[in-house]
Structures are given as structure tokens and as C-alpha cells.
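Q: Could you take a close look at how the side chains pair up in this model, ring with ring and charge with charge? I would like one connected walk through it, with the places where parts meet worked in along the way.

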Amino acid sequence: MPTRISDRAGYYGAWASGLFLTGVVFAIVAWLLVNGLRNVDWTFLTTNPAPGSVEIGVAGGIVAPLLGTLIITAMGTLIALPLGLATAVFLGEYGKPRLLKQLTDTSIDLIFGVPSIVFALFGLAIFSNPSLIFLSEEVQTSGKATAKSFFCASIMMALIALPPIVRSTQAAIASVPNVQREAAYALGKTRFAMIRKVVLPSIRPGIATGTILGMGRIAGDTAIVWILLGGAVLEPPVAGWWEPQNLLGFLHGTGATLTTYVYFASPAGEGNAEGKAYGAALVLFALVFIVNIVLGRAGQRRIGRQ
Amino acid sequence: MEPLDETPQSDELYQQARRQEWRHALDTTSDRRAAGIPTDPTAIAAVPPAAPVTVAPAVPVLPIASQVPVSSVRRAHIADANDLALATRGLRVAFSGNEILHGVDINAPRGGVVALVGPSGCGKTTLLRSLNRLTELAPTAQIKGQVLLDGNDVYGAKVDLNLLRRRVGMVFQQPNPFPMSIFDNVAFAIREQARKRPTRGSLMPAVEQALQRAGLWDEIKDNLDRSALSLSGGQQQRLCIARTLAADPEVLLMDEPCSALDPRSTARIEELIVQLAGSLTVVIVTHNLAQARRIADYAAFLLNGDVIEQGFAEQVFETPTQQQTADFVAGIFG
């Protein structure tokens with residue numbers, strides 16, 4: 001047991017911070033559960049938001065926003081993961097030319113620090129260019145692109161998911177012992193073979209952690225959804241959107257996610273159904289939590305037979 | 001520059017003596033010792049009787065390790081001592097302008113076991129790593145002189161680096177199996193970077209042969225899909241040897257391969273090295289003079305980046321011509 005006053009103060013200070021943080025998180029979760037669970041039922045999960053309702057407490061279900069979150073997260077991650085991996089391998093294994101490495105490092109930090117609404121605004125300017133109409137739809141009056149589609153939003157989402165993926169993978173690469181790299185070289189392997197067969201397999205947990213964090217950033221983002229997806233809570237997708245002939249049209253169109261639904265249903269938005277907002281927030285929380293557990297497990301799978 | 005060599009790595013004999021000191025200090029049942037019962041039978045079986053560590057006298061006395069007889073029968077596996085599998089000529093290596101090796105000439109007769117001995121920081125490891133061109137992985141390394149593999153300079157312009165490293169395999173100080181299955185560790189060495197992946201069945205004979213040669217097959221043949229990291233330290237090191245043997249090298253470089261192992265595993269590896277000699281040439285860096293005595297046909301003593309003396313192992317260890325060598329094998333420094 002520490003005896004000096006300063007020593008003891010440090011110990012209890014650190015201890016109290018841990019307790020405080022745990023308390024805050026538990027309070028939020030409990031609040032969410034108490035208020036959200038009341039509103040989450042099968043109908044809530046399987047019906048679309050109520051169209052055009054201005055009546056208090058009538059905001060319908062969340063099937064479309066839930067779908068939107070899943071699609072945006074999947075598409076964003078799909079773009080960000082290979083890009084992030086390649087960037088991390090460049091930074092961690094090659095690192096040359098040195099100037100490019102430093103610039104890339106700075107860029108990753110910048111993306112981490114800049115609020116997503118800035119990227120959303122930038123995306124709006126880029127994607128509305130007529131030459132990029134293939135990413136969204138044409139605005140009949142001006143000939144420009146709407147810049148609002150699942151494609152446009154996913155691309156920008158990939159950008160904000162990149163920093164955690166790169167940093168987490170980079171840290172994992174740095175922890176691969178050098179003797180293993182040398183062992184691969186000593187067997188006459190090329191650098192690429194060494195990276196592919198020795199480095200990549202052992203950094204899987206790091207990649208998984210980065211992916212979880214990146215997915216969390218995507219699922220939690222509101223600004224990009226609002227600007228580049230339209231936040232169209234009241235325009236649920238047409239029936240049979242998943243059929244091949246409709247899918248492309250659907251992905252070119254606007255949509256909503258759980259975050260925008262929470263805003264819409266909250267007292268600040270149009271739906272004015274606080275309970276529904278809590279319900280949707282709880283579902284979003286549960287979703288991120290489940291992804292966390294599943295991917296965490298996948299990353300730690302025993303290494304053995306390939 | 002030479003991190004592996006920088007760590008003060010004591011002679012095993014010294015370490016054992018230290019362990020016994022500790023045991024003595026901690027042992028409450030010292031009557032066992034009084035009765036002459038060995039406290040650690042395995043250690044005594046594998047390592048020659050430990051000499052008490054005392055302040056070394058100024059005049060070389062009987063070398064500690066000379067209690068171990070040198071087997072001269074073993075040299076039968078060397079067909080022609082003038083047939084050099086590997087040799088260096090005027091090899092100079094510097095890191096950031098700081099020269100570690102000052103023009104080294106080493107001879108490794110085909111089929112022999114060559115021990116490189118010398119105190120920490122004398123350049124043994126750098127020399128070894130220059131033989132398969134691992135030294136140049138350090139961006140600051142400058143290498144001059146020749147390393148001749150079958151008479152051809154490995155630093156020549158047309159050398160295929162990846163092929164060279166297959167012909168001159170290497171086993172490291174720490175067992176470093178890859179985080180894959182046992183099978184994949186060995187197969188990794190022989191899988192060409194071809195588009196078409198060879199099947200497990202087609203790789204199996206070579207994998208089995210390599211594991212047989214490394215004396216590991218019988219222990220793990222039913223567990224080839226287990227992670228290599230689940231093996232014991234000694235097994236991991238033999239797996240690393242098997243992995244290297246799978247590429248069918250002509251020369252095997254070993255950088256203190258037993259320094260991280262217990263005496264029993266050390267004995268296994270030494271046995272293996274003696275078995276392998278003849279079918280390939282072994283160049284081994286060792287800090288353990290007793291080990292060098294047990295396994296080496298030839299020895300080279302390095303000091304501060306120069307070869308002080310080299311030749312038949314027993315000659316270097318028993319009747320050294322240089323005073324520095326005599327002092328080193330007598331344990332006056334090291």
C-alpha cells in the first residue's frame with residue numbers, strides 16, 4: 001500500500017477516474033435500455049418510418065434506416081479496408097520514399113482530426129460534377145449530379161474509416177518481431193512474399209480492431225449521411241429493392257441511416273417521437289456492440305491450418 | 001549495430017556455476033550436496049562438469065573445456081579439406097562508417113563444422129550474416145571484399161539473392177517459427193511463388209524428409225496442423241532447422257542456435273549438427289567453448305573484427321599459437 005501522500009493521491013485519483021468512466025458508461029447504457037427497450041419490438045424493427053406524419057409519437061418503424069446503416073457500413077468498410085491495409089503496409093514495411101511516408105502520416109492524422117461534415121461538404125462539391133453522374137442521379141434542371149446516393153456516401157465514409165484501420169494495422173505491423181522477417185529472407189523469400197505470408201497473418205487481430213473502430217465511425221456518422229445520402233427518412237425504398245434490376249437504382253438513390261432516424265424522431269426533428277429515437281439509438285448501440293464482439297473473435301482465431 | 005552480440009551473453013559454464021551458487025544460497029537441504037547427490041542431474045548430464053568460477057590467474061592454465069575430449073574420428077566426413085564450400089577473402093563490413101570486420105579470411109571446408117568463437121562484439125554474428133547477405137538489410141551497412149560460395153563471389157553482380165539464401169540457409173539465435181501450422185512452416189520454404197499453389201500432397205514428401213532430417217518427425221507427425229508456436233523451445237528450434245533444410249541448402253549458418261535452449265534441447269541440436277555434417281557444411285557462431293569443442297571440426301577465433309587464429313578445432317583449442325587465443329580458451333577474458 002502506498003504511504004506517501006502524493007503517492008496515495010495519484011493512486012486514488014487514477015482509481016477514481018476508472019470508476020467515474022465506468023459509471024458514466026453504465027448510466028448511458030442503462031438510460032438507453034430503460035427508454036429504448038419499451039419501444040423496440042418486432043413491428044418497430046420490421047416497418048418503415050411513417051410517411052409524412054406530423055402527429056406526435058407517430059414515426060413508424062426503422063427497417064429502412066437499419067438497412068441504410070448496414071449497407072453504408074458494409075460498403076464503406078469494403079472500400080476502406082484494402083486501402084487502409086495497403087497504406088499501413090506502405091508505412092510499416094516500406095516507408096520509402098521518406099518524404100511520402102511523412103506526408104502520408106500527416107494526412108492520416110489530418111483525416112482523423114477533421115470533422116466529417118467538412119468531408120461531406122467536399123464530397124458534395126466533387127460528386128455533383130456532371131462527369132460523376134454515374135455515382136448518383138442527374139438533376140434534370142441543371143444537368144449536374146445530385147451527389148446524394150449510397151455510392152457517394154460510402155466513398156466519403158471510407159475516408160473517415162481509414163485512420164483507425166491504418167493506425168491499428170500499423171501498430172500491429174510494428175509489433176511483428178524482426179527475426180521473423182529475417183527468417184523469411186533467409187529462406188530466400190522476396191519482400192512481398194514475406195509481407196503476405198509472415199506479416200499479414202500475424203497482424204489479423206490488429207486489422208480486426210481497426211476495422212471495428214472504422215465501422216463504428218461509419219455507423220455513428222450523421223453529417224455525411226445528411227449531406228451525401230439525403231437523410232431521406234420519409235422515403236423508404238421501393239419493395240423488392242434487393243432484386244438485381246432494382247438494386248443499382250436503389251444504391252444510386254437517397255436513403256437514411258439509424259443516426260438520421262434518431263435525429264428525425266427526436267424532439268429536434270420532425271417525427272417528434274422521443275421514444276422511437278431511444279429505440280433506434282438502442283438498436284444502433286446493439287449493432288455496434290455485436291460487430292465488436294464478432295470481429296474481435298474473428299481476429300483472435302487460432303493460427304493453424306490455413 | 002550488432003544487437004544480438006551486444007547483450008552480455010555469458011558462457012554456459014559460467015551461467016551454470018552461477019546457478020549453483022544461487023542454489024547453494026537458497027538450498028535449505030544442503031545435506032544433499034554434502035552427501036554428494038547432484039542437485040540437477042539433467043544439467044550435469046548434458047554439460048561438462050562445471051569449473052568453479054574464480055578469479056582467473058594471469059598465466060593460462062588448463063583450459064576449462066579441455067576436459068571434453070575432441071573426437072578426431074568424426075572428421076571422416078570431410079573428403080578434402082582443401083575443397084572449400086564457403087570462404088571469405090578480405091571481407092570488410094562497416095555500419096555507418098564504423099568498421100566491424102577488418103578484412104576477414106575464413107575457410108569452410110566442404111562437409112565440415114566450422115565454429116566461429118570470440119568475445120561479445122568481436123563481429124562473429126556480423127560475419128555470419130554477411131555470408132548469406134543478410135547484413136545488407138541494414139541500410140547503413142557497407143560491405144567490401146569477397147564471400148566465395150563454390151569459388152563464386154556471392155556479392156557479384158549477377159547473383160540471384162533469393163537463390164543464394166536458399167543455398168546458404170540460416171538458423172537464428174532465438175527460435176523464430178512463423179505463426180502458422182508446423183506443416184506450413186516447412187512448406188513455406190519450398191513453395192515457389194508460383195501462381196498455381198502446390199497441393200499439400202505434393203509437398204508432403206519434402207516436408208516429411210526435412211522434418212526427419214531435423215529429428216522432429218517422430219514427435220510431431222500426428223500434429224502437423226498444430227500451430228508451430230505451441231511447440232517447446234527446443235522443438236521450435238529444430239522446426240526452424242527443418243524449415244531451412246527443406247530448401248536443401250549446401251551451407252547451414254547457425255547463430256548461437258542453442259543459447260535460448262535448456263541443456264537437454266542443446267544436446268539434441270548438437271547431435272543433429274554432427275549428423276548433418278558431411279551432407280552439408282555448417283558454420284556456427286557459438287559463445288559456448290565447450291559446445292564448439294564437442295561439435296566443431298574447424299574453429300576460427302575472432303577478436304575485435306580480426307581473425308586471430310583458425311584451423312583444426314583441437315589445434316585452436318588445445319595448442320593455440322597466439323597468446324590471445326590461449327587467453328580466450330583459458331577463460332581469461334570472454
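A: Happy to. Let us start with what makes a ring pair: two rings of Phe, Tyr or Trp, with the six-membered ring standing for Trp, pair if their centres lie within 6.5 Å, and planes over 60 degrees apart make the pair edge-to-face. By this rule, there are 10 aromatic pairs over all chains. One of them joins A:Trp226 and A:Tyr263, whose ring centres are 5.2 Å apart and whose planes are at 85 degrees, which is edge-to-face. The two partners come from distant parts of the chain: A:Trp226 belongs to helix 10 (residues 223-229) of chain A, A:Tyr263 to helix 12 (residues 258-265) of chain A, and 37 residues separate them. Please keep in mind that this is a predicted model.

How buried or exposed are the two rings' residues? A:Trp226 counts as partly exposed because its relative accessibility is 37%. A:Tyr263 is also partly exposed, at 41% relative accessibility.

Chain B has an aromatic group of its own, where B:Phe301, B:Phe328 and B:Phe333 make up one cluster. Rings also meet charges here. B:Arg200 lies over the face of B:Phe183, 4.2 Å from the ring centre. Another such arrangement involves both chains, with the charged end of A:Lys189 over the ring of B:Phe188 at 4.7 Å from its centre.

That last contact takes us to where the chains meet. On the chain A side 20 residues are in contact, and on the chain B side 28. Together the two chains bury about 2300 Å², with carbon and sulfur atoms giving 59% of that area. How many salt bridges are there between chain A and chain B? The count is one. The partners are A:Glu182 and B:Arg129, with an N to O distance of 2.6 Å.

Over all chains, the salt bridges number 18. In chain A, the side chains of A:Arg167 and A:Asp105 meet in one of these, at 2.9 Å from N to O. Here too the pair links distant parts of the chain, since A:Arg167 sits in helix 6 (residues 150-174) of chain A and A:Asp105 in helix 4 (residues 98-113) of chain A, 62 residues apart. A:Arg167 counts as partly exposed because it has 22% relative accessibility, and the cut-off for buried is under 20%.

In chain B, B:Arg110 forms a salt bridge with B:Asp150, the closest N and O atoms being 2.8 Å apart. This one links two loops: B:Arg110 is between strand 2 (98-109) and strand 3 (113-117) of chain B, while B:Asp150 is between strand 4 (141-149) and strand 5 (152-153) of chain B, 40 residues apart. Both ends are partly exposed, with a relative accessible area of 32% for B:Arg110 and 34% relative accessibility for B:Asp150. The two also belong to a network of salt bridges in which B:Asp83, B:Arg110, B:Asp150, B:Arg167 and B:Glu250 are linked.

A further chain B pair is B:Arg238 with B:Glu219, at 2.8 Å from N to O. B:Arg238 is in helix 10 (residues 233-246) of chain B and B:Glu219 in helix 9 (residues 217-220) of chain B, so the salt bridge ties together parts 19 residues apart in sequence. Its ends fall into two classes: B:Arg238 is buried, with a relative accessible area of 7%, whereas B:Glu219 is partly exposed at 35% relative accessibility.

As a backdrop for these pairs, chain B has 14 helices and 10 strands, and 49% of its 334 residues count as buried.

The boundary inside chain A rounds out the picture. The domain assignment splits the chain into domain 1 (1-39) and domain 2 (40-305). Between these domains of chain A the rule finds zero salt bridges. Nine residues of domain 1 of chain A touch 10 residues of domain 2 of chain A. About 780 Å² is buried between the two domains, 70% of it on carbon and sulfur atoms. Of the area that domain 1 of chain A buries against domain 2 of chain A, A:Leu32, A:Gly36 and A:Asn39 supply 61%, more than any other three residues.

Definitions and conventions
Residues numbered from 1 in each chain as written. Chains lettered and ligands numbered in written order. Predicted model: local features only at pLDDT ≥ 70, side-chain atom pairs only at ≥ 80, totals over all residues. Heavy atoms only, no water. Phe/Tyr/Trp six-rings, centres within 6.5 Å; stacked < 30°, edge-to-face > 60°. Helix = DSSP H or I, 4+ residues; strand = E, 2+ residues; numbered from the N terminus. Buried < 20%, exposed > 50% of the residue type's maximum accessible area, 1.4 Å probe, protein only. Lys NZ or Arg CZ within 6 Å of the ring centre and 35° of its normal. Domains from an automatic or database assignment. Contact = heavy atoms within 4.5 Å. Buried area = accessible area lost by both parts, 1.4 Å probe. Salt bridge = Lys/Arg side-chain N within 4 Å of Asp/Glu carboxyl O.
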